[in-house]
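Biologist: I would like a close look at one part of this model, the pocket and what is packed around the chain that forms it. Please keep the terms explicit.

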Amino acid sequence: METRSSSFGDDHKDMRRLLKRYLPDHETLAANRWLAPFGSTLFHPRLWHLNRHSAAGAVAVGMFCGLIPGPFQMLGAALCCMVFRVNLPLALFTTLYTNPLTILPLYVAAFAIGEWILGPGAGHFTAPPEWGAGSLASWLDALLAWVAGLGKPLFLGLVVLASGLSLAGYLLTRVAWRSYLIHQWRKRRNSLT
């Protein structure tokens with residue numbers, strides 16, 4: 001029995017080491033100007049502790065907040081981490097699933113979900129603005145106007161899509177963490193026999 005509990009602790013350490021290798025440390029985040037107003041609350045121990053519960057919660061927070069428009073994704077994730085006391089670096093990292101390549105397809109999917117829930121005719125979809133010869137600021141203004149023009153179906157679809165992705169991320173993280181531990185236990189047990 002002692003061997004199993006010892007291997008259980010070692011397996012958790014392996015998983016934590018793997019995740020910590022790819023996540024930013026608290027000094028890097030403390031230097032971020034968007035997170036600076038939160039000062040010492042960012043250093044609460046539960047925001048930096050990494051186990052299967054805090055990891056699954058962090059992925060859920062990151063998946064939900066990743067669909068928040070604009071530069072407020074990480075700010076929203078940081079606020080949610082403070083409320084739910086889940087791992088902050090993993091939540092911030094998870095928000096990066098939305099990027100210039102994925103955000104428009106996700107918003108189109110959210111609009112379709114919202115229109116499906118509200119019924120046909122709730123909104124009218126138009127093509128997003130194309131990147132032109134203008135500046136980035138003018139394109140971003142046109143993009144925000146496009147998003148605002150989509151209205152209720154987009155808003156409802158974003159909430160539903162973010163909730164679904166959040167739940168899926170939570171469950172998949174729990175399953176993946178448990179599968180990894182079971183694999184490590186079996187591997188260690190086979191090496192002992």
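Which helices each supply at least two residues of the lining of the largest pocket?

Modeller: Helix 7 (103-118) and helix 8 (136-192) do, where a helix is a DSSP run of H or I with at least four residues, numbered from the N terminus. This is a predicted model, in which local features need pLDDT of at least 70 and side-chain atom pairs pLDDT 80 or more, while totals for chains, interfaces and linings use all residues. Residues are numbered from 1 along each chain, and side-chain values use heavy atoms, without hydrogens or water.

The largest pocket holds about 610 Å³ of space. A pocket here is an open set of points on a 1 Å grid where a 1.4 Å probe fits, with protein on both sides within 12 Å along at least five of seven lines; lining residues have an atom within 4 Å of a point. Of its 19 lining residues, Pro 69, Gly 70, Ile 103, Leu 140 and Leu 143 are the closest to the centre. Helix 8 gives the largest share of the lining, six residues. By type, the lining has 14 nonpolar residues, four polar and one charged; Gly counts as polar, and Pro, Ile and Leu as nonpolar.

Next, the packing. The largest nonpolar core (buried nonpolar residues, without Pro, joined through side-chain atoms within 4.5 Å) has 22 residues, and Leu 47, Val 61, Cys 81, Leu 88 and Leu 90 touch the most other members. Buried means under 20% relative accessible area with a 1.4 Å probe. Helix 8 supplies at least two residues of this core, as do helix 3 (45-48), helix 4 (52-65), helix 5 (73-84) and helix 6 (88-94). The largest share, six residues, comes from helix 4. A second, separate core of 12 residues includes Leu 143, Trp 146, Leu 150 and Leu 158. Leu 143 therefore appears both in that core and among the residues closest to the pocket centre.

In helix 5, Cys 81 is buried, along with Gln 73, Gly 76, Ala 77, Ala 78 and Met 82. The cover over these buried residues includes helix 3, helix 4 and helix 6. Leu 47 touches Cys 81 and Met 82, and also Arg 85 and Leu 88, among others (contact: heavy atoms within 4.5 Å), leaving out residues up to four places away in sequence. Arg 85, just after helix 5, takes a positive phi of about 55°.

Overall, the protein has eight helices and zero strands, and 34% of its 193 residues count as buried.

Notes
Grid points are joined across faces, edges and corners, and a volume is the space filled by probe spheres set on the points. Buried means under 20% relative accessible area, exposed over 50%, partly exposed in between (1.4 Å probe, protein chains only).
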